[in-house]
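Got the viewer open? Let's take a short walk through this one, selecting a few things as we go.

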Amino acid sequence: MGIFKKNPFGHILFLKRWLIRILGVFTHQRYKGFNTLEIEGSEIIRNLPDRNVLFVSNHQTYFADVVAMFHVFNASLSGRDDSLKNVGYLWNPKLNVYYVAAAETMKKSLLTKIFAYAGSISVERTWRAEGKDVKRQVKMSDISNIGKALNDGWVITFPQGTTTPWKPIRKGTAHIIKKYKPIVVPVVIDGFRRSFDKKGLRVKKKGILQNMVIKEPLDIDYENESYEAIIEKLEYAIEQHPSFLKVISQKDLLALEEENELRRFRNSKKI
């Protein structure tokens with residue numbers, strides 16, 4: 001019976017383990033080879049409970065961001081300190097890690113369906129579908145599935161719902177936090193937009209220094225804080241609050257970020 005054991009979504013864990021291993025081996029060089037992923041916060045990952053943890057992050061590509069998190073989480077749990085050295089950490093991966101993704105994206109090809117089996121919680125976007133703006137009600141089954149995943153393990157979500165920076169956080173994330181009361185861990189990433197194409201499948205540029213910072217869990221009063229207060233707290237935590245744009249324009253800020261990344265990478269090569 002062990003080989004056919006399933007998770008709450010009916011996915012066979014034996015198959016999921018091998019998918020993560022294979023995808024991990026094929027993608028490892030994207031973060032430690034073609035490019036370099038600089039990590040902060042591995043010790044925070046090791047101190048988290050096994051379930052009811054919600055990771056909230058800014059978003060830069062469809063898939064490269066979440067694949068990098070699978071690498072970082074498993075490397076950290078295997079005792080590596082801010083390092084992806086030796087992909088052997090994926091031999092016994094954490095299987096109860098899920099990520100929230102748009103249903104229409106996960107159904108587009110065989111590859112996206114494989115990614116979905118590896119851990120996606122597919123939800124229908126309420127504001128956009130097939131490249132057009134829409135307005136529709138949140139499906140309660142989507143909310144319930146996220147709750148089911150939290151009850152089983154860790155969930156990664158990109159609360160802006162888009163790879164475009166500085167967009168507002170969707171209220172649904174605050175509803176999930178209020179309803180299921182997870183430990184909320186902010187993650188801030190950078191360099192992925194310059195490294196990969198929008199889908200995160202093709203390496204667009206080599207020699208880019210990528211960053212992933214895992215922050216301490218947020219202090220949230222689940223009962224008394226308003227949805228608006230939680231949203232604002234998330235915006236600051238993942239460094240996507242509108243105030244970040246008041247000093248410098250978005251165009252200039254993105255150009256400055258790219259220049260700083262190239263400078264840091266050159267400096268790291270000298271060390």
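Start inside: the largest cavity in this predicted model has a volume of about 170 Å³. Don't go hunting for a second one of 30 Å³ or more, since a search of the whole structure finds one cavity at that cut-off.

To see where the cavity sits, select Leu23, Val67, Phe70, Phe115 and Ala118 and show their side chains. Those five lie nearest the cavity centre, out of 13 lining residues. Now colour the lining by residue type: you should get 10 nonpolar residues, three polar and no charged ones.

Next, which helices supply at least two residues each of that lining? Highlight α1 (13–27) and α3 (64–77), which both do. Of the whole lining, α1 gives the largest share, with five residues.

Stay with α1 and pick Trp18, which lies in that helix. Is Trp18 buried or partly exposed? It counts as partly exposed, because its relative accessibility is 35%. Now switch on the surface and add Ile3, Phe4, Phe14, Ile22, Phe26 and Trp91 to your Trp18 selection: together they form a nonpolar surface patch with about 820 Å² of accessible area.

Last stop: jump to helix α6 (residues 140–152) and click on Asn145. At 23% relative accessibility, Asn145 is also partly exposed, as the range for that label runs from 20% to 50%. Finally, draw a distance from the C-alpha of Asn145 to that of Val123: the two are 22 residues apart along the chain, and the gap comes to 8.8 Å.

Note on methods: Residues numbered from 1 in each chain as written. Predicted model: local features only at pLDDT ≥ 70, side-chain atom pairs only at ≥ 80, totals over all residues. Heavy atoms only, no water. 1 Å grid on protein atoms, 1.4 Å probe; cavity = no way out; pocket = protein on both sides within 12 Å on 5 of 7 lines; lining within 4 Å. Points joined across faces, edges and corners; volume = space filled by probe spheres on them. Helix = DSSP H or I, 4+ residues; strand = E, 2+ residues; numbered from the N terminus. Nonpolar A, V, L, I, M, F, W, Y, C, P; charged D, E, K, R; others polar. Patch = residues over 30% accessible without salt bridge, like charges linked within 9 Å, V, L, I, M, F, W, Y side chains within 5 Å. Areas by Shrake-Rupley, 256 points an atom, 1.4 Å probe, with all protein chains shown as cover. Salt bridge = Lys/Arg side-chain N within 4 Å of Asp/Glu carboxyl O. Buried < 20%, exposed > 50% of the residue type's maximum accessible area, 1.4 Å probe, protein only.
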